[in-house]
Amino acid sequence: MLVLWYEGSKILQETPVDFAALRNMTVLDPMGSATTLAKAMEVLLPPVLRVALWLVPVMVVAWVLMSAVGRTVVLRRVDGRLHSRVGTLIVLQAVRVVALLGSFVVWFWCMERVAEMTVMGPVAAGGEPNLVGYFSLVIVATLGLFTLWAVVSWALSIAPLLAMLKGLGVGGSLAAAFRVGPLKAKLVEINLVMGIVKIALIVLAMVFSATPLPFESVTTPEFLFWWWAGVTVVYFLGSDFFHVARQVAYLQLWRAYESEKNLVRG
């Protein structure tokens, strides 16, 4: 976050952004606000892309390394019998990040198609943009892709845990993730429920972000900045908590499954 703050501040200092126009935006004039944002993005996008070319890969690599170490520490505190497989978890996290970035590419492609149908197409034909249709389709497509990811990504979520449970490598843990037998339905269910919880967190974050808007005439930009920053921090804390809860649920489910198998064999 500090690196992003530093680089963002440099870009804003070096780029001629019309801050007065941005401050005067209002929700009562969505088209005017959209035009103001488009002009600001036109100026900011080139320097942002130049920084993103080196900063995004560095941050992804840093996240993969730190998340692998963090997951190992947390899960071993939950269950000390787990193996420490930091190297394997790093590779598995990288695989998951690549798949996640692919889902964002699909999402952005969907957003472009929606914009063409509801905004760019009508404007090119000399009509008015269908903003209600645009935002409706954006919400539906986003929730649909989010739910689809929650349903299909369970194997990528369980693979690191299987690596620590069985001391497996990358290939072995991925193969084992698709051979969990009767546990598959329960794992998909847990992943789907956690996905729904994340959707609920996003909705709550949106609601709390919008609560100051009715008092726009008396709120200051500084208050809105700190309010939205606080909502963002609370969202990330909640999201991380439920991410850990999902891993612990996987672990407890697996232990119960192994105990049941041992009882049947005995």
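**Entry 1: the second largest pocket**

I started with the lining of the second largest pocket, where α3 (30–78), α4 (86–124) and α5 each supply at least two residues. I wrote at the top of the page that this is a predicted model. Which helix gives the most to that lining? I found that α4 does, with eight residues. The pocket holds about 640 Å³ of space. I listed 17 lining residues, and A34, V119, L131, Y134 and F135 are the ones nearest the centre. By kind, the lining splits into 15 nonpolar residues, one polar and one charged.

**Entry 2: stepping back to the chain**

I should have looked at the whole chain sooner. How many helices and strands does the chain have? I got nine helices and zero strands. Read along the sequence, then, the pattern is just α-α-α-α-α-α-α-α-α. The C-alpha trace spans about 75 × 40 × 35 Å along its principal axes. The chain has 266 residues, and 29% of them count as buried. I also checked contacts with a separation of 6 or more: 70% of these join residues 24 or more positions apart.

**Entry 3: the cores**

Next I went for the largest nonpolar core, which has 26 residues. Which of its members touch the most others? They are W154, I158 and L162. Two or more residues of this core come from each of α3, α4, α6 (154–166), α7 (170–177), α8 (183–210) and α9 (221–265). The top giver is α6, with nine residues. Apart from this core I noted another one of six residues, with V17, A40, L44 and L55 among them.

I picked L162 for a closer look. Beyond four places in sequence, L162 touches G167, L168, S173, A176, A177, V180 and W254.

**Entry 4: helix α7**

Three of those names sent me to α7, where S173, A176 and A177 are buried. Why do they line one face of the helix? Looking down the axis of α7, I see the buried residues fall within an arc of 105 degrees, so they sit along one face. I reminded myself of the general rule: an α-helix has 3.6 residues a turn, so residues three or four places apart point the same way. What do the buried residues of α7 pack against? I noted α4 and α6 as their partners.

**Entry 5: S157 and L156 in α6**

I turned to α6 and looked up S157, which is in this helix. Is S157 buried or exposed? Its relative accessible area is 1%, so I put it down as buried. Leaving out residues up to four places away in sequence, I found S157 touching R71, R96, N191, R246, Q247 and Y250. I also took its C-alpha distance to L174, which is 17 residues along the chain, and got 9.9 Å.

L156 lies in α6 too. With residues up to four places away set aside, L156 touches V95, R96, A99, W149 and L174. For a distance check I tried A115: it is 41 residues from L156 in sequence and 32 Å away in space, C-alpha to C-alpha.

**Entry 6: W149 in α5**

W149 came up on the L156 list, so to speak, and I followed it up. I found W149 in helix α5 (residues 131–152). Which residues does W149 contact beyond four places in sequence? The list reads R96, A99, L100, S103, L156 and N191. S103 is 46 residues from W149 in sequence, yet the two C-alpha atoms are 7.7 Å apart. R96 turns up for W149, for L156 and for S157.

**Entry 7: T36 in α3**

My last stop was T36, found in α3. How does T36 count as buried? Its relative accessible area is 19%, and buried means under 20%. Once neighbours within four places are left aside, I have T36 in contact with A21, L22 and M25.

Notes: Residues numbered from 1 in each chain as written. Predicted model: local features only at pLDDT ≥ 70, side-chain atom pairs only at ≥ 80, totals over all residues. Heavy atoms only, no water. Helix = DSSP H or I, 4+ residues; strand = E, 2+ residues; numbered from the N terminus. Contact = heavy atoms within 4.5 Å. 1 Å grid on protein atoms, 1.4 Å probe; cavity = no way out; pocket = protein on both sides within 12 Å on 5 of 7 lines; lining within 4 Å. Points joined across faces, edges and corners; volume = space filled by probe spheres on them. Nonpolar A, V, L, I, M, F, W, Y, C, P; charged D, E, K, R; others polar. Core = buried A, V, L, I, M, F, W, Y, C linked by side-chain atoms within 4.5 Å. Buried < 20%, exposed > 50% of the residue type's maximum accessible area, 1.4 Å probe, protein only. Arc of directions from axis to C-beta.
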